[in-house]
Amino acid sequence: MITGAARGIGKGCALELAAAGFNLLINDRPDTDSVAKLKLVQVECEAAGVEAACFSADIADVSVHEELLDTAQGKWGRLDCLVNNAGISVKSRGDLLDMQQDSFDENFAVNTRAPFFLTQSFSRRLLAQGVLPDGYRSIIFISSINAVMLALNRGEYTMAKTAVSTAARLFALRLIKDNIGVYEIRPGLIKTDMTLPATAYYDELIAKGLVPQGRWGYPADIASAVRAMAEGRMPYTCGVPIAIDGGLSVPHF
């Protein structure tokens, strides 16, 4: 299951997991543009030889979570992996002193509350399902490098991503004794629709050395790590975030 799969990192994860042989339930918002893009992702995933199903809903509405899970279990009879990818940016970048309450509330609803409670429901079902003989059970949170690097002009996003990072570590500790791997990936500057408004700004900073590797990241950079986690190739880690940022968050001068 992948949330926010119609574009960007979520789409990249869907294509990579399809290539790995996972059947996929992909989710995104129910607006016309997202529905159309999600269906295109479905077609691309099925071209890899797997089954894929779309579930259009706003996961900030916690009441849809059980139906989302029912859909996956009803179609395939099992759950293996949840990728908590859906996220939003701020309504407008600006001074902390000008932050609007609705932007704050929306960031926490989508970026923190939704993945927490979806993971809670998913975890209960994994425990009820038990260990499968041919699969690894995992939950992957896509947070942000802003969980540790402050963005003064996106304070509500920074706080929400810090909170969901904590949630990932909490679930990792709670579930490790049940051999369920919970992981956190912290993307850096990834070229997606979300970062499009700031492309020129970061192009200049990258050219000046902000990112040691000297380039933007891409959804495929995140997806390759997600695949390794979903396939169970990092089984002896617990609550350790993986920064995929080209060295951005490594202290240096």
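Five nonpolar residues, two polar and one charged make up the lining of the largest cavity, and that is where this tour starts. For these classes, Ala, Val, Leu, Ile, Met, Phe, Trp, Tyr, Cys and Pro are nonpolar, Asp, Glu, Lys and Arg charged, and the others, Gly among them, polar.

Before you click, note that this is a predicted model, in which local features need pLDDT of at least 70 and side-chain atom pairs pLDDT 80 or more, while totals for chains, interfaces and linings use all residues. Numbering runs from 1 along each chain as its sequence is written, and side-chain values use heavy atoms, without hydrogens or water.

**Stop 1: the cavity**

Select Asn84, Ala86, Asn111, Pro115, Phe141, Ile142, Lys161 and Val164 together, and you have the lining of the largest cavity. On a 1 Å grid over the protein atoms alone, a cavity is a set of points where a 1.4 Å probe fits but cannot get out; a pocket is an open set with protein on both sides within 12 Å along at least five of seven lines, and lining residues have an atom within 4 Å of a point. How many cavities of 30 Å³ or more are there? The count is one, and the volume of the largest cavity is about 40 Å³. Volumes here are the space filled by probe spheres set on the points, which are joined across faces, edges and corners.

Now colour by secondary structure. Helix 4, strand 4 (138–142) and helix 5 each bring at least two residues to the lining of this cavity. Helices (H or I, at least four residues) and strands (E, at least two) are DSSP runs, numbered from the N terminus.

**Stop 2: the largest pocket**

Next, turn to the largest pocket, with a volume of about 1,100 Å³. To centre your view, pick Ile88, Ser89, Tyr157, Thr192 and Met194, which are the closest to the pocket centre among its 44 lining residues. The lining of the largest pocket sorts into 22 nonpolar, 13 polar and nine charged residues.

Which elements each supply at least two residues of this lining? Show helix 1 (8–19), strand 1 (24–28), helix 4 (101–129), helix 5 (155–175) and helix 6 (199–207). Of the elements, helix 6 gives the most to the lining of the largest pocket, at three residues.

**Stop 3: the second largest pocket**

The second largest pocket has a volume of about 240 Å³. Its lining counts 15 residues, and those closest to its centre are Met1, Phe22, Asn23, Leu24 and Asp80, so named for your next selection. Strand 1 appears again at this stop: strand 1, helix 3 (65–76) and strand 3 (81–84) each provide at least two lining residues of the second largest pocket. By class, 11 residues of that lining are nonpolar, two polar and two charged.

**Stop 4: salt bridges**

Side chains of opposite charge can pair when their charged atoms come close. A salt bridge here is a side-chain nitrogen of Lys or Arg within 4 Å of a carboxyl oxygen of Asp or Glu. Across the whole structure, the search finds 21 salt bridges.

Begin with Asp33 and Arg7, whose side chains meet in a salt bridge at 3.2 Å, N to O. Asp33 sits in helix 2 (residues 32–47) and Arg7 in the segment before helix 1, so this pair ties together parts 26 residues apart in sequence. Are the two partners buried or exposed? Asp33 is partly exposed, at 42% relative accessibility, whereas Arg7 is buried, at 18%. The cut-offs, with a 1.4 Å probe and protein chains only, are under 20% relative accessible area for buried, over 50% for exposed, and in between for partly exposed.

Then zoom in on Glu44 and Lys11, a salt bridge whose closest N and O atoms are 3.5 Å apart. Because Glu44 lies in helix 2 and Lys11 in helix 1, the pair ties together parts that are 33 residues apart in sequence. Both partners are labelled partly exposed: Glu44 has a relative accessible area of 38%, and Lys11 reaches 28%.

Now jump to Glu231 and Arg233, where the N to O distance of the salt bridge is 2.8 Å. Glu231 is partly exposed at 31% relative accessible area, while Arg233 counts as exposed at 51%. To see a network, select Arg7, Asp28, Arg29, Asp31, Asp33, Lys37 and Asp193, which are joined by salt bridges that share partners.

**Last stop: Gly239**

Finish at Gly239, in the loop between helix 7 (219–230) and strand 6 (241–244). Gly239 is partly exposed, with 24% relative accessible area. Draw a distance to Asp105: the C-alpha atoms are 26 Å apart in space, and the two residues are 134 apart in sequence.
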